[in-house]
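Okay, everybody, thanks for making time. I'll put one chain on the screen and talk you through it, starting with the vocabulary and ending on two residues.

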Amino acid sequence: MNTWPYPFWIAHRGAGKLAPENTLAAFRLGAQHGYRMFECDAKLSRDGVVFLMHDATLERTTNAGGIGGERPWSELAQLDAGGWHSRTYAGEPLPTMENFARWCLASGHFADIEIKPTPGTERETGEAVAREAQRLWAGAAVPPLLTSFKEESLRAAREAAPGLPRGLLLDKLRDGWLDAAQALDCAAVVCNYNLWDAERVRQVHAAGMRALSYTVNDEWAARWLQGLGTDGVVTDRVDLFGPAG
């Protein structure tokens, strides 16, 4: 991307740990803390609906069990995705990506959508998320940023919607990491924040990409990353970091 339209501070899964992750309640709470960009996780139901959830299985964040991607949306839509967090959010449903997109567009917020495929559906999920994002954000001034740890998902996203920006997520710097990001025509590399140093930030910038970090929850780490000249951080601590901080 010739210009980078996104804010530095990105709320992780909506509002970090203050609300049930990947729910509209979490995104609204993050916005109440002043955040303008929100990270979420997108996967496919059995019948091809793109919905928001991090884990492959349902146990941790809903009142059901088993693999979420093996259920049709008609079943997933009935689940309680908030009661696990606290009584305050009991009954909060799983949102579709369309629910999330409509909220973002209506309120002028930005999206960082991690393609989070159920194992074995990497290509299918990458294509579906990209096509849905392209449809939902058609005509928007700023498109969503699509990210993934799965190169196969990013390749499928590029083929389905080449005009949407992509970011390669990395939890370690394997050999050829920069070449991989360039081969995928990525706009950003999004690393575990401990992996950055001045030379790696310089390499990413020299390649025409942006350097982002996850999940930054300490003030010292945020200050250090800002000093390195990185371009954005994903944080759980929406209560600690102000979006203009």
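Quick definition before we go on: when I say helix or strand, I mean a DSSP run, H or I over at least four residues for a helix, E over at least two for a strand, with the numbering starting at the N terminus. With that in hand, here's a residue to find: Thr118 is in the loop between strand S4 (110-115) and helix H4 (122-136). Keep a finger on that loop, we'll come back.

Also, be aware that what you're looking at is a predicted model. The mean pLDDT of the chain is 97, with 99% of its residues at 70 or more. Where is confidence lowest, and where is it highest? Lowest is helix H8 (residues 219-228), at a mean of 97, and highest is strand S3 (residues 50-52), at 99.

Now the overall picture. We've got eight helices and nine strands in this chain. The radius of gyration comes out at 17 Å, close to the 18 Å that the globule rule gives for 245 residues, so the chain is as compact as a globular protein of that length. If you're setting up a box, the C-alpha atoms fill one of roughly 50 × 40 × 35 Å along the principal axes.

Of the 245 residues, 55% count as buried. Take contacts with a sequence separation of 6 or more: 56% of those in the chain are between residues 24 or more positions apart. On the outside, the chain exposes about 10400 Å², and carbon and sulfur atoms supply 46% of that. For the electrostatics people, there are 25 positive and 31 negative side chains, and the centres of the two sets lie 2 Å apart.

Okay, zooming in. Phe38 is in strand S2 (residues 37-44). Buried or exposed? Buried, at a relative accessible area of 0%. Leaving out residues up to four places away in sequence, Phe38 touches a long list, including Phe27, Phe100, Trp103 and Phe110, plus Ile10, His109 and Asp112. And look across to Val234: Phe38 and Val234 are 196 residues apart in sequence, yet 8.5 Å apart in space, C-alpha to C-alpha.

Back to Thr118, then. Its relative accessibility is 10%, and the cut-off for buried is under 20%, so Thr118 counts as buried. What does Thr118 touch, not counting residues up to four places away in sequence? Lys43, Ile67 and Gly69.

That's my tour, so over to you.

Note on methods:
Residues are numbered from 1 along each chain as its sequence is written. This is a predicted model: local features need pLDDT of at least 70, side-chain atom pairs count only at pLDDT 80 or more; totals for chains, interfaces and linings use all residues. Side-chain values use heavy atoms; hydrogens and water are left out. The radius of gyration is taken over C-alpha atoms; the globule rule is 2.2 Å times the number of residues to the power 0.38. Buried means under 20% relative accessible area, exposed over 50%, partly exposed in between (1.4 Å probe, protein chains only). Contact means heavy atoms within 4.5 Å. Accessible areas come from the Shrake-Rupley method with a 1.4 Å probe; for residues, only the protein chains shown count as cover. Lys and Arg count as positive and Asp and Glu as negative; His and the chain ends are not counted. The place of a charge is taken as NZ of Lys, CZ of Arg, CG of Asp or CD of Glu. pLDDT is the predictor's confidence in each residue, from 0 to 100.
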